Amino acid sequence: MSTAKRTATEGISQDPGDGDMAKKARLAQKPSRVIHIRNLPEGCTAAELLPFLIKYGQPTNTLIMSNKQALVEMPTVESANMIILREPTMNIRGQQIYLQFSEHQELGRLQGRDVNPPSKCLIAKVTNLVYGISLQTLYSLFTRAGRVDKIVCFMKQSFLQALVQMDSEETAANARRMLNNQDIYAGCCHLAVEFSKLPEVTVRPDSDMNRARDFLRSPLTPGETLPNTPINQQMY
């Protein structure tokens, strides 16, 4: 008897094919708070994924892996079960993704894992942009964790993205713990924060002051405030 080699985490094939056998396999799995998601689009982030799940409950932990898979921990087994029953497949960027219960009952120690290693540079994404988000908004949020050295903001598809350089890996890790998976305003403007691959954030001298600032080169003077013009409502 030949034994098929497992080629992906959670003991399933990377082949996303679905059908009666896959449906029976899902139903036979032990329910868990943690959902295993596969066949994600290249470069998919938590900011793109979580809006599809939040309607069932606020995820308590997310792990995006480098093999186009993710683990998402929901607040209860019941909320995770509702997702599997109602939406075992979803569509992100025109690509079908597949959801099933994970063999993990909770992520626990996996919480600290990240696709990118710890860095003083962070990548932040704001989705569900009901209200305007400005450079001042983001600066005030990240300074709660420590000193912010640089920020560059821009719109990308339907969400706002920001590169934030903190003064050290420690303050960046603090900012990530404080702000990741939080709503800036109640029920909207969802913030996802991950470590960036960049060693430094570059702010060009001719950058739009409404969207970028190098605080090392141009520190805030006493009484100065940053532009409060919503980045997601500016003309590009």
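In what order do the six strands of the open sheet with antiparallel pairing stand? The order is β9-β10-β6-β8-β7-β11. Welcome to this structure, which is a predicted model. Besides the six-stranded sheet, there is an open sheet of five strands, in the order β2-β3-β1-β5-β4. The points below go through the sheets, their helices, the cores and some side-chain pairs.

**The six-stranded sheet**

- In this open sheet, the strands pair in the antiparallel sense.
- β9 (182–185) and β11 (212–214) are the edge strands; each has a single partner strand, so one side of each is without a neighbour in the sheet.
- On average, and ignoring direction, neighbouring strands here are turned by 25° against each other.
- Inside the sheet, strand β6 (residues 121–127) and strand β10 (residues 188–195) run antiparallel and are joined by six bridges.
- To find one of these places in the model, look at K125, whose bridge partner in β10 is A192.
- As background, strands of a sheet pair through backbone hydrogen bonds, in either a parallel or an antiparallel way.

**Helices on the six-stranded sheet**

- Helix α5 (residues 169–179) lies across β6, β8, β9 and β10, and it runs at about 145° to β10.
- Six of the eight residues of helix α4 are buried, so this helix is largely enclosed by the rest of the structure.
- The buried residues of α4 are L135, T137, L138, Y139, L141 and F142.

**The five-stranded sheet**

- This second open sheet also has antiparallel pairing.
- Its edges are β2 (61–64) and β4 (89–92); each has a single partner strand, so one side of each is left without a neighbour in the sheet.
- Its neighbouring strands are turned by 25° against each other on average, direction ignored.
- Four bridges pair β2 with strand β3 (residues 69–73) in the antiparallel sense.
- Across that pairing, T62 stands opposite V72 in β3.
- Helix α3 (residues 77–86) packs on this sheet and touches β1 (34–38), β4 and β5 (95–101). The direction of α3 makes about 135° with that of β5.

**Nonpolar cores**

- In soluble globular proteins, nonpolar side chains tend to be buried together.
- The largest nonpolar core here has 30 residues, and the members that touch the most others are L122, V126, F142, V148, I151, M166 and L191.
- At least two residues of this core come from each of β6, α4, β7, β8, α5 and β10.
- F142 is a good residue to click on: leaving aside residues up to four places away in sequence, F142 touches L122, A124, V148, V164, M166, A175, L179 and V193.
- Another core, of 23 residues, lies apart from the largest one, and C44, A46, I97 and L99 are among its members.

**Aromatic pairs**

- Across the whole structure, a search finds two aromatic pairs.
- One of them joins Y131 and Y185 edge-to-face, with 5.3 Å from centre to centre and 75° between the planes.
- Y131 lies in the loop between β6 and α4, and Y185 lies in strand β9, so the pair ties together parts that are 54 residues apart in sequence.
- Y131 is partly exposed, at 46% relative accessibility, and Y185 is partly exposed too, at 33%.

**Salt bridges**

- Side chains of opposite charge can pair when their charged atoms come close.
- The count for this structure comes to twelve salt bridges.
- R204 and D206 form one of them, with the closest N and O atoms 3.4 Å apart; both residues are exposed.
- E224 and R213 meet in a salt bridge at 3.1 Å, N to O. Since E224 lies in the segment after β11 and R213 in strand β11, the pair ties together parts that are eleven residues apart in sequence.
- In this pair, E224 is partly exposed, with a relative accessible area of 31%, while R213 is buried at 14% relative accessibility.
- R217 and D214 also meet in a salt bridge, at 3.9 Å, N to O. R217 is partly exposed at 46% relative accessibility, whereas D214 is buried, with a relative accessible area of 8%.
- Finally, R33, E73 and E106 are joined into one network by salt bridges that share partners.

Methods:
Residues numbered from 1 in each chain as written. Predicted model: local features only at pLDDT ≥ 70, side-chain atom pairs only at ≥ 80, totals over all residues. Heavy atoms only, no water. Pairing = 2+ DSSP bridges. Axes fitted to C-alpha atoms, helices over the stretch in contact; angles between N-to-C directions. Contact = heavy atoms within 4.5 Å. Phe/Tyr/Trp six-rings, centres within 6.5 Å; stacked < 30°, edge-to-face > 60°. Buried < 20%, exposed > 50% of the residue type's maximum accessible area, 1.4 Å probe, protein only. Core = buried A, V, L, I, M, F, W, Y, C linked by side-chain atoms within 4.5 Å. Salt bridge = Lys/Arg side-chain N within 4 Å of Asp/Glu carboxyl O.
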